[in-house]
Amino acid sequence: MADKLSFKDIEAKIADLLSTFYKELEPVKSVVWDSVSSDLTLRGKDAAGNDTVALVESKTKLQDLRTRYSGKKSELSTLKRSIGLVIPEDRAKTGQAIQKLEISITDPLTQMEDDLNVKISEIRTAEESIDVTLPGRRPRRGHRHPITLLRERIEDIFVALGYAIEDGRELETDFYNFTALNIPDNHPARGAQDTFYTTDGFALRSQTSTVQIHAMQRRGVPVRMIAPGRVFRRDTPDPTHNPMFFQVEGLCVDRGITMAHLKGTVAEFLRRMFGPETVTRFRPSYFPFTEPSAEFDFGCFKCKGSGCRICKNSGWIELGGSGMVHPNVLRIVGVDPQEYSGFAFGLGIDRMAALMYNLDDIRLLFENDVRFLEQFE
Ligand code: DAH
């Protein structure tokens, strides 16, 4: 084919092309402007409820324009190829005009793409940045176990009554757990308090009464102490039993101590624990290390004695054992029962916790499920 085209032919095409390009560019320009000047976020919606799709759409629109107006199959590229067909004297002029056309097309596109990219990266930076002035996340705070809370309340009451707090041992010898407490070998009371034995003669204590002996050996008499702690028994766990539980032991030995002191002390403790109207009841009982012995109950804190689920309709809640320290127990620690007398008592903390917190399964206290334990502050 001969060189037939002149600059004039091409110039007309360039003008046409440029005007359709501008017509198409106009609406895209305003879309891009809108998204660049908005407060859009990439993930969410902006304050006005527009979502980020606009930004992405603007980019796609620009890319589409670029492909159609400057891509391989665009008119621009056809025009470029047609330069060779232009008569030689017009060729340079035509080439320059086409080059100018290309710049007129790609420049605004590039400019807008840049603007969009800047906007997108600004948003990303804003979204990913950390506000160092925000308060930090607090570490989760632990708190005391319900048994501990209760033990501390009991301790506070007895400390106020002039009692010392004794720490005992969980691993004991037969002597402290039984013999010294007037429970000789073959005594049936051993059976009721069967515990866990080691192979070399030790056993996990089955009662905190062991601390009575330690306290009198260490402190001598007179003595006033309580000993809260863990005890163990061979028991199959069920809603009201656990092979490990907590007791508080109390001991008061002095000259002239009588059962009246025992009753007064236990009653006062229960009043401070459950309120001034709390009534106390003693029932005759038997324990090898006390004589006489009594179990004590208190008037139900829930129904005040009229009968409810907690007190099993009796109006009373059984709490513990007590009595006057057996002369044999005093003798074994070298205290003369003619000169000194005393009282002792023991109660279960977990039983009390179960009642106070209305737990239908005592084992909840030992499963260490934080969701449960968290409820007691
Ligand atoms: N140690 C007894 C028990 O575990 C409770 C007890 C009863 C303790 C009478 C005492 C007491 O100090 O005097 O069943």
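Which residue has a polar backbone atom 3.3 Å from an oxygen atom of the ligand? Select phenylalanine 345 and you have it: the atom in question belongs to the backbone of that residue. Keep in mind as you go that this is a predicted model.

**Stop 1: the ligand**

Stay with the ligand and bring up its surroundings. The shell holds 16 residues, and those that come nearest are Gln207, Ser209, Arg233, Gln247 and Glu249. Pick glutamine 207 from that group: one of its polar side-chain atoms sits 2.7 Å from a nitrogen atom of the ligand. Now switch to arginine 233, where a polar side-chain atom is 2.7 Å from an oxygen atom of the ligand. With a surface switched on, you can look at how the ligand is covered: on its own it has 360 Å² of accessible area, and the protein covers 92% of that.

Try colouring the shell by residue class. You should find ten polar, four nonpolar and two charged residues. Then colour by secondary structure: strand 5, strand 8 and strand 9 each contribute at least two residues to the shell.

**Stop 2: helix 11**

Next, select residues 349–356, which make up helix 11. Six of its eight residues are buried, so the helix is largely enclosed by the rest of the structure. To see them, show Ile349, Asp350, Met352, Ala353, Ala354 and Leu355. What do these buried residues pack against? Their partners are helix 5 (146–160), helix 9 (259–274), strand 5 (244–254), strand 8 (316–325) and strand 9 (341–348). Strands 5, 8 and 9 are familiar from the ligand shell. Before leaving, click on asparagine 358, which follows helix 11 and has a positive phi, near 60 degrees.

**Stop 3: the aromatic rings**

Phenylalanine 345, where the tour began, also belongs to an aromatic cluster, together with Phe158, Tyr163, Phe269 and Phe343. Select these five residues and show their rings. Across the whole structure there are 15 aromatic pairs. One of them joins phenylalanine 158 and tyrosine 163, edge-to-face, with 5.2 Å from centre to centre and 70 degrees between the planes. Both phenylalanine 158 and tyrosine 163 are buried.

For a second pair, move to phenylalanine 175 and tyrosine 176: their ring centres are 5.1 Å apart and their planes lie at 85 degrees, so this pair is edge-to-face. Are these two residues buried or partly exposed? Phenylalanine 175 counts as partly exposed because its relative accessibility is 32%, while tyrosine 176, at 15%, is buried.

Conventions. Residues are numbered from 1 along each chain as its sequence is written. This is a predicted model: local features need pLDDT of at least 70, side-chain atom pairs count only at pLDDT 80 or more; totals for chains, interfaces and linings use all residues. Side-chain values use heavy atoms; hydrogens and water are left out. Rings of Phe, Tyr and Trp (its six-membered ring) pair if their centres lie within 6.5 Å; planes under 30 degrees apart count as stacked, over 60 as edge-to-face and the rest as tilted. Buried means under 20% relative accessible area, exposed over 50%, partly exposed in between (1.4 Å probe, protein chains only). Helices (H or I, at least four residues) and strands (E, at least two) are DSSP runs, numbered from the N terminus. Contact means heavy atoms within 4.5 Å. A residue is near a molecule or strand if one of its heavy atoms lies within 4 Å of it. A polar contact is a pair of N or O atoms within 3.5 Å; within protein, one must be able to donate a hydrogen and the other to accept it, and residues adjacent in sequence count only if both atoms are side-chain atoms. Accessible areas come from the Shrake-Rupley method with a 1.4 Å probe; for residues, only the protein chains shown count as cover. Ala, Val, Leu, Ile, Met, Phe, Trp, Tyr, Cys and Pro count as nonpolar, Asp, Glu, Lys and Arg as charged, and the others, Gly among them, as polar.
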